[in-house]
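Here are some notes for a first reading, set out as numbered points. Please keep the sequence and the model open beside them and check each point as you go.

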Amino acid sequence: MRAGFPDFRLGKVLATSFTGTLSERYGDSVERIPTPGRLADWLAVYGLAVDSCTTAQLDLARELREAIHAAATAAAIQDVLPASAVQVINDFSVRGRAAAILTPEGERRWRLGADSRVEDALSVIAADAISIIAGERDGKLALCASPTCQAAFFDASQSRTRRWCDMNTCGNRQKKARFNANQRKNPRSAD
Ligand SMILES: [Zn+2]
C-alpha cells in the first residue's frame with residue numbers, strides 16, 4: 001500500500017474486483033485507482049504488471065470498469081444487458097494482446113504484449129467479465145445488500161446466498177448498524 005491512497009479491496013474474481021476499485025457508489029464513493037500509478041499497482045497485484053501507465057490509459061480503464069459495472073449489474077438482476085456496455089467490453093477484449101501461459105508448476109499466468117501495455121491487461125479483465133456475465137463459471141452474479149454499495153459481485157458460495165460484496169467491509173458495517181439499532185431499541189441489553 002502506498003501512503004496517502006485508499007487501499008485496495010482484493011477479491012478473488014478479477015472483473016468484479018476491478019469494478020470494486022470504485023466503492024460505495026451510492027454513498028460517499030471512494031476511488032481506489034485515483035492515479036495512473038495506482039492502476040499500475042492494482043494490475044500488478046493481479047499478475048498483470050505493466051511497464052507504464054498514462055492518464056489516458058487510466059481513463060480507458062475507468063471506461064471499461066463502468067461498462068463492466070453496468071453489464072454485471074444488469075446480469076445480476078436478470079435485466080437486458082445495456083448494449084453500449086456490451087460494446088465497450090467487447091472493444092476492450094478485442095484490443096489487447098495477452099496470452100495465457102502455463103507455468104511448469106501448472107499455474108496459469110498472463111503474458112502481455114512486448115511492451116506490457118495497459119490495453120493488454122484491460123483485455124484480460126474484459127475477457128474475465130465476459131466469462132462471468134456469460135455464466136461460464138461456477139457461481140452467480142449478485143448485488144451487495146449494502147444500500148450505499150450495491151456492487152455486483154460473483155457469488156461462488158455453495159448455497160449462493162452471499163449478501164455482501166465483502167464480508168470485512170460491507171458485511172461488517174451492516175452487522176454494526178444492526179447492533180447499534182438494537183442498542184437504541186433496547187439500551188438495557190448493554191449492561
Ligand atoms: Zn458491498
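1. A good place to begin is a single residue in a loop: Arg160 sits in the loop between β6 (152–155) and α6 (167–185). Please bear in mind that the model is predicted, and that the values quoted below are therefore to be read as properties of a predicted model. The phi angle of Arg160 is near 55°, which is a positive value in a residue other than glycine. Most residues other than glycine have a negative phi. Arg160 is also exposed, because its C-beta has 10 other C-beta atoms within 10 Å, and a residue counts as exposed at 12 or fewer.

2. A second residue deserves the same attention, namely Gln78, which lies in the loop between α3 and α4 (83–95) and comes just after α3. Although Gln78 is not a glycine, its phi is positive, at about 55°. Is Gln78 buried or exposed? With 7 other C-beta atoms within 10 Å, Gln78 is exposed.

3. Turning to the chain as a whole, it contains 6 helices and 6 strands, and, read from the N terminus on, the elements follow the order α-β-β-α-α-α-β-β-α-β-β-α. The C-alpha atoms fill a box of roughly 65 × 40 × 40 Å, taken along the principal axes. Of the 191 residues in the chain, 32% are buried. Among contacts in the chain with a separation of 6 or more, 55% are between residues 24 or more positions apart.

4. Helix α3 can be checked by its length, for it has 22 residues and reaches 31 Å from its first C-alpha to its last, close to the 32 Å expected at 1.5 Å a residue. The buried residues of α3 include Ala61, Leu64, Ile68, Ala71, Ala72 and Ala75, and Arg65, His69 and Thr73 are buried in this helix as well.

5. Two packed helices are described by the angle between their axes and the distance between the axes. How do the axes of α3 and α5 cross, and within what distance do they come? The axes of α3 (residues 55–76) and α5 (residues 118–133) come within 11 Å and cross at roughly 0°, which means that α3 is roughly parallel to α5. On the side of α3 the contact is made by Gln57, Leu60, Ala61, Leu64, Ile68, Ala71, Ala72 and Ala75, while α5 contributes Val118, Leu122, Ile125, Ala126, Ala129 and Ile133. Sorted by type, the residues of this contact are 13 nonpolar and 1 polar, with no charged residue.

6. Ser23, which belongs to strand β1 (residues 22–23), offers a contrast to the two loop residues discussed above. Why is Ser23 classed as buried? It has 24 other C-beta atoms within 10 Å, and the class of buried residues begins at 20. Leaving aside neighbours within four places in sequence, Ser23 is in contact with Arg9, Ser29, Val30, Arg32, Cys149 and Ala151. Of these partners, Arg9 is 14 residues from Ser23 in sequence, and their C-alpha atoms are 9.0 Å apart in space.

7. Finally, an unreviewed UniProt entry carries the annotation "domain: Zinc finger CGNR" for residues 141–181. In the model, the C-alpha atoms at the two ends of residues 141–181 lie 30 Å apart, and the span is 37% helix and 17% strand.

Definitions and conventions. Residues numbered from 1 in each chain as written. Predicted model: local features only at pLDDT ≥ 70, side-chain atom pairs only at ≥ 80, totals over all residues. Axes fitted to C-alpha atoms, helices over the stretch in contact; angles between N-to-C directions. Helix = DSSP H or I, 4+ residues; strand = E, 2+ residues; numbered from the N terminus. Parallel < 35°, antiparallel > 145°, perpendicular 65-115°, else oblique. Contact = placed C-beta atoms within 7 Å. Nonpolar A, V, L, I, M, F, W, Y, C, P; charged D, E, K, R; others polar. UniProt positions renumbered as here; feature names shortened; annotations may be inferred. Expected span 1.5 Å × (residues − 1).
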